[in-house]
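Okay, thanks everyone for coming. I'll walk through one structure today, so have a look at it before I start.

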Amino acid sequence: MARRSPLSKLHISKRLHWARNHMSYGDKWMAVLFSNDKKWNLDEPDGNIKHWHDLRKEPRSVFSRQSGGGSVMVWAAFSFNCHDKILINT
């Protein structure tokens, strides 16, 4: 199974255009903060409906907690002037 959809020629062109426009950004990069977050549900699907399974093997059992398993949210950010920041929220 493919891990991601291939980029179209339009997407590749737009990404290259953005990168070329920002190559000479210079000291402005010092004011940029890059961040991302990810949430994992412990007992239920995370919204990812694709999965790989081997049809030659017996299916695995899935157990869940009666009151639900909760979730974990991870957020991270980095920039030129600060150290890595990681926040874990359960």
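Let me begin with a question: leaving aside its neighbours within four places in sequence, which residues is tryptophan 29 in contact with? The list is Trp18, His22, Phe34 and Phe80.

Before going further, keep in mind that this is a predicted model. The protein averages a pLDDT of 76, and 64% of the residues score at least 70. Among the elements, H1 has the highest mean pLDDT, at 93, while strand E3, residues 85-89, has the lowest, at 53.

So, the overall layout. We've got one helix and three strands, and along the sequence they follow the pattern α-β-β-β. There are 90 residues in the protein, and 8% of them count as buried. The accessible surface comes to about 9,200 Å², with 56% of that belonging to carbon and sulfur atoms. And if you take contacts between residues at least 6 apart in sequence, 56% of them join residues at least 24 apart.

Back to tryptophan 29. You'll find it in the loop between H1 and strand E1, which is 33-41. Is tryptophan 29 buried or exposed? Well, in between: its relative accessibility is 27%, so it counts as partly exposed. Tryptophan 29 also sits 9.8 Å from asparagine 81, C-alpha to C-alpha, although the two are 52 residues apart in sequence.

Now the rings. How many aromatic pairs does the count come to? Four. One of them joins tyrosine 25 and tryptophan 29, edge-to-face, with 4.8 Å centre to centre and 65° between the planes. Tyrosine 25 is partly exposed too, with a relative accessible area of 29%. Another pair is phenylalanine 34 with phenylalanine 78, and that one is stacked: 5.3 Å centre to centre, 20° between the planes. Phenylalanine 34 lies in strand E1 and phenylalanine 78 in strand E2, residues 71-79, so this pair ties together parts that are 44 residues apart in sequence. Both rings belong to partly exposed residues, with a relative accessible area of 38% for phenylalanine 34 and 45% for phenylalanine 78. Put the ring pairs together and they link Trp18, Tyr25, Trp29, Phe34 and Phe78 into a cluster.

Last stop, the surface. Leu7, Ile12 and Leu16 form a nonpolar patch there, with about 240 Å² of accessible area together. Leucine 7 is in the segment before helix H1, which is 9-22, and at 40% relative accessibility leucine 7 counts as partly exposed.

That's my tour, thanks for listening.

Notes:
Residues are numbered from 1 along each chain as its sequence is written. This is a predicted model: local features need pLDDT of at least 70, side-chain atom pairs count only at pLDDT 80 or more; totals for chains, interfaces and linings use all residues. Side-chain values use heavy atoms; hydrogens and water are left out. Helices (H or I, at least four residues) and strands (E, at least two) are DSSP runs, numbered from the N terminus. Buried means under 20% relative accessible area, exposed over 50%, partly exposed in between (1.4 Å probe, protein chains only). Contact means heavy atoms within 4.5 Å. Accessible areas come from the Shrake-Rupley method with a 1.4 Å probe; for residues, only the protein chains shown count as cover. Patches are made of residues with over 30% relative accessible area and no salt bridge: like charges are joined within 9 Å, nonpolar side chains (Val, Leu, Ile, Met, Phe, Trp, Tyr) within 5 Å. A salt bridge is a side-chain nitrogen of Lys or Arg within 4 Å of a carboxyl oxygen of Asp or Glu. pLDDT is the predictor's confidence in each residue, from 0 to 100. Rings of Phe, Tyr and Trp (its six-membered ring) pair if their centres lie within 6.5 Å; planes under 30 degrees apart count as stacked, over 60 as edge-to-face and the rest as tilted.
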